[in-house]
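Work through the following exercises with the sequence and the model open beside you. Each task is followed by a solution that proceeds step by step.

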Amino acid sequence: MKKFLASTVAASALALMLGMTSVRAEDAVDPNAKQGGAITITYKDDVATLDPAIGYDWQNWSMIKSLFDGLMDYEPGTTNLKPDLAERYEISPDGKTFTFKLRHGVKFHNGREMTADDVKYSLDRVTNPKTQSPGAGFFGSIKGYDDVAAGKAESLSGVTVVDTYTIKFELTRPDATFLHVMAINFAHVVPKEEVEKYGADFGKHPVGTGAFKLAEWTLGQRIVFERNADYWHKGLPHLDKITFEIGQEPIVALLRLQKGEIDVPGDGIPPAKFQEVMADPEQKARVVEGGQLHTGYVTMNTTMAPFDNVKVRQAVNMAINKARVIQIINGRAVPANQPLPPSMPGYDKEYKGYPYDVAKAKALLAEAGHPDGFETQLFAMNTDPNPRIAQAIQQDLAAIGIKASIQSLAQANVIAAGGDKAGAPMIWSGGMAWIADFPDPSNFYGPILGCAGAVPGGWNWSWYCNKDLDAKAAEADSVVDPAKSGERDKMWSAIYDKVMEDAPWAPVFNEQRFTMKSARMGGADNLYVDPVHIPINYDNVYVKDVQ
Amino acid sequence: MIAYLGRRLIQSLLILLGVSLITFALLYLLPADPVRQIAGRSATPQTVENIRQQLGLDQPFVVQYWRYLKKLVSGDLGRSYIQRSEVTELIVSRLPASLLLMVGAILCELLLGLSMGLIAAVKRGTATDQTLMVASFVGVSAPQFVVGLLLLYVFAVRLSWFPIGGYGTWRHLVLPSLTMGILGAGWYARMMRSSMIDVLRQDYVRTARAKGLARRAILFRHALPNAILPVIAMIGIDIGIFMGGIVVVESVFGWPGIGQLAWQAIQRVDIPIIMGVTLVSAFAIVLGNLLADIIAPFIDPRIKLR
């Protein structure tokens with residue numbers, strides 16, 4: 001027997017069981033929201049591409065979410081999954097087959113109706129090596145993925161179009177993260193005819209089903225989104241227009257915000273101005289603070305002496321004065337004691353981590369056979385504040401006798417060193433740190449702590465590979481039933497506790513997000529620190545000075 | 001003349017070829033793997049290899065360089081690794097803004113520099129002369145990002161005379177042009193001063209003075225046209241200095257030109273764009289120098305082309 005699951009909201013599940021096509025609870029639109037108006041967002045850098053199969057930086061991530069939709073999404077401002085282009089879905093008892101029923105009447109910006117064929121086409125496209133998608137690997141659990149990835153097949157054999165509005169996915173293993181995977185940008189649905197029309201330039205001419213459509217793109221100057229009047233979600237979006245102005249230094253953006261010329265500085269409050277802004281009550285009132293799915297850590301290469309000794313790694317964990325490091329970034333973070341950030345399901349609130357204890361750290365080093373310490377290298381990215389943070393860590397390490405020389409390099413060079421087994425003994429992750437692709441505990445394991453990531457060019461820079469934990473991770477991910485998600489989160493907590501025993505990382509802090517907005521912007525605070533929409537949830541915010 | 005031109009053209013082409021080879025080699029040696037950057041952090045080694053093959057980055061250096069040159073001849077600078085757009089398109093879309101800024105900067109440096117130099121020469125030895133020369137010295141030495149931010153703070157933030165960064169109207173153009181122009185203005189002021197002093201010592205000026213011509217007429221009708229010639233010949237060479245300056249100035253003012261494009265590309269290690277902008281800049285510099293050399297004998301007959 002198959003189980004029918006709709007959303008996380010019990011009421012809607014009930015509604016579906018009764019055969020109703022009701023408006024789900026999370027579909028309710030903010031009654032205070034005003035319709036219309038335009039906002040201006042600024043960015044320093046050019047927007048790379050708006051192709052959902054390719055865009056993978058925090059700047060275009062949220063823009064793409066407003067132009068395109070996927071089968072799944074999250075309730076605005078939260079990490080709770082909900083069906084999106086899918087009206088409902090069902091999971092087979094073995095957790096290996098997912099069937100989605102699509103919403104009727106959803107239209108692409110070109111006016112054509114979106115169907116199950118488009119979903120299949122989009123997934124075949126993103127996994128095809130010719131697309132060069134950085135997200136192809138997320139679909140590894142779908143049957144036939146390996147053949148497509150190897151160029152032996154053009155189409156995923158595990159994805160079947162049952163009828164116009166039904167699509168079925170067969171997986172090679174039970175995958176509890178699959179619904180999250182269907183919510184990430186790489187799984188967003190694109191129309192074949194538009195992709196074929198623009199070819200490699202589809203990213204400059206995006207056509208999706210999203211709340212906004214692209215109205216103008218003047219390279220290096222501005223991108224304009226306008227409201228999609230045909231958006232399937234009635235009542236959304238609230239704004240008529242969003243203008244992204246490109247090439248604005250964060251400091252200039254802040255000055256313009258203060259003069260009322262713009263609404264959100266997309267790159268955030270510049271660090272040099274942070275204290276000044278927070279000291280002014282009028283400005284502080286317009287800053288929204290929230291957690292983000294981020295952890296900053298120091299990796300220690302577990303295959304390189306002396307970091308192959310767990311005691312040395314534990315000593316480093318005890319040597320770093322996290323409170324002082326956080327001071328360097330004006331208190332824009334909270335201390336971390338485990339890989340998962342506090343807002344991530346599976347975060348272990350009971351776990352206390354390694355205390356800051358210089359004496360004990362020294363003792364551990366002595367036990368490991370290094371009573372006088374040793375010399376090593378600490379790699380860090382060369383943009384502020386990372387070199388300063390690396391220096392603070394360097395001083396902390398010096399206090400227990402470890403003399404670390406800092407290698408301050410461009411981001412790509414640090415990443416290259418981390419992916420080389422003999423490349424970097426220690427790396428401060430700042431500027432390249434893991435920010436979760438989706439709010440699930442497994443996302444902090446596989447690529448950065450699992451054996452799969454400990455390969456040349458991988459992201460497991462501590463080269464930590466614990467086969468036993470890999471097996472436990474696979475076991476946790478086979479718990480597909482959402483009703484058992486609490487149990488699954490506990491399994492993941494245990495995995496991370498064990499990781500911390502082996503201490504391949506010294507977690508340092510979890511960055512907080514601070515979004516500043518103009519006084520005219522309205523909507524709940526959590527829309528401005530939305531865990532998946534950075535900086536803000538464009539679809540749900542509104543302006544107060546219209547009508 | 002024709003022989004000279006032919007020789008200079010061949011030299012220019014060789015310089016461009018050299019620039020392309022050196023830049024390509026440096027970027028090739030960079031310890032960062034563009035393929036991994038494109039493939040992203042969730043890519044399998046197989047995906048990485050696939051992309052490497054598609055981009056031809058698995059080929060030896062010589063093959064890669066040869067392919068690049070072949071495409072270059074047809075005006076194809078490749079596709080950006082990060083933005084995934086044609087580099088030619090990215091550069092062409094940003095070139096007008098940079099050219100406009102350059103014109104603005106040339107106007108600023110000429111207006112400022114020439115008038116400062118003229119006044120200093122006429123008031124030679126006075127406090128005005130000394131003040132102007134100190135000012136020109138400061139102008140030449142001040143880093144452009146400092147000048148830019150200072151101008152921005154005073155004239156845009158405090159006084160609100162000009163917009164804070166951006167592009168579109170003449171008012172947007174003033175502050176960035178001034179920032180770029182101040183550097184050159186310092187040079188021009190000094191050159192103009194010495195050139196003017198030189199001219200003012202000439203016999204024909206003394207004759208004009210002896211004839212009883214008005215001071216204004218001597219200065220503007222007789223001395224200035226002669227003093228200004230060697231200065232004008234320098235503008236072509238300025239293009240090289242501007243090419244360095246636009247990277248900083250465009251970033252400070254949010255000016256959508258190729259300098260900003262280059263800065264972003266360097267930060268993101270977007271090799272095709274770095275290559276493209278370097279070649280376009282080298283081309284502009286070579287062209288500027290060539291024009292300066294060709295024009296020079298026309299405005300100053302003492303110079304001969306050989």
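Two strands are said to pair if DSSP finds at least two bridges between them. Helices (H or I, at least four residues) and strands (E, at least two) are themselves DSSP runs, numbered from the N terminus. This is a predicted model, in which local features need pLDDT of at least 70 and side-chain atom pairs count only at pLDDT 80 or more, whereas totals for chains, interfaces and linings use all residues. Residues are numbered from 1 along each chain as its sequence is written, and chains are lettered from A, with ligands numbered from 1, in the order in which they are written.

**Exercise 1. The sheet of chain A**

Task: establish the order of the strands in the open sheet of five strands in chain A, and describe how strand E2 of chain A is placed in it.

Solution. Begin with E2(A) and strand E11 (residues 241-246) of chain A, which pair in the parallel sense over six bridges; within this pairing, Thr42(A) has Glu245(A) as its bridge partner in E11(A). Next, turn to E12(A), with which E2(A) also pairs in the parallel sense, here over two bridges, and where the bridge partner of Thr42(A) is Pro265(A). Then take strand E9 and strand E10 (residues 222-227) of chain A, which run antiparallel and are joined by six bridges, with Glu216(A) standing opposite Val224(A) in E10(A). The full order is E9-E10-E11-E2-E12, and the pairing is mixed. The edges are strand E9 (212-218) and strand E12 (264-265) of chain A, each of which pairs on one side only.

To finish, consider burial, where a residue is buried if 20 or more other C-beta atoms lie within 10 Å of its own, exposed if 12 or fewer, and partly exposed in between, with C-beta atoms placed from the backbone. Because five of its six residues are buried, E2(A) is largely enclosed by the rest of the structure. Helix H2 (residues 58-67) of chain A lies across strand E2 (38-43), E9 and E10 of chain A, and runs at about 130 degrees to E9(A). That angle is taken between N-to-C directions on a scale from 0 to 180 degrees, the axes being lines fitted to C-alpha atoms, for helices over the stretch in contact. Contact means that the C-beta atoms of two residues, placed from the backbone, lie within 7 Å.

**Exercise 2. The side of chain A that touches chain B**

Task: determine how many residues each chain brings to the contact, and which helix of chain A gives the most.

Solution. Chain A and chain B each bring 39 residues to the contact. On the side of chain A, helix H7 (250-258) and helix H14 (411-418) each supply at least two residues, and H14(A) gives the most, with four residues. By kind, this side of chain A divides into 20 nonpolar, 13 polar and six charged residues, where Ala, Val, Leu, Ile, Met, Phe, Trp, Tyr, Cys and Pro count as nonpolar, Asp, Glu, Lys and Arg as charged, and the others, Gly among them, as polar.

**Exercise 3. The nonpolar cores**

Task: find which residues have the most contacts inside the largest nonpolar core, and which helix gives the most to it.

Solution. A nonpolar core is a set of buried Ala, Val, Leu, Ile, Met, Phe, Trp, Tyr and Cys residues joined through C-beta atoms within 7 Å. The largest one has 173 residues, and those with the most contacts inside it are Val298(A), Ala315(A), Val316(A), Ile393(A) and Val277(B). Helix H13 (residues 271-299) of chain B gives the most to this core, with six residues. A second, separate core has 55 residues, including Met180(B) and Ile285(B). Returning to Val298(A), and leaving aside its neighbours within four places in sequence, one finds contacts that include Val316(A), Ile393(A), Trp428(A) and Trp505(A).

**Exercise 4. Chain B and Gly240(B)**

Task: describe the make-up of chain B, and decide whether Gly240(B) is buried, exposed or partly exposed.

Solution. Chain B has 13 helices and zero strands, and buried residues make up 40% of its 306 residues. Its C-alpha atoms fill a box of roughly 85 × 55 × 30 Å, taken along the principal axes. Gly240(B) lies in helix H11 (residues 235-253) of chain B, and counts as partly exposed because it has 16 C-beta neighbours inside 10 Å. Not counting residues up to four places away in sequence, Gly240(B) touches Ile285(B) and Gly288(B). By contrast, helix H9 (residues 203-211) of chain B is hardly covered, with zero buried residues among its nine, and just after H9(B), Gly212(B) takes a positive phi of about 90 degrees.
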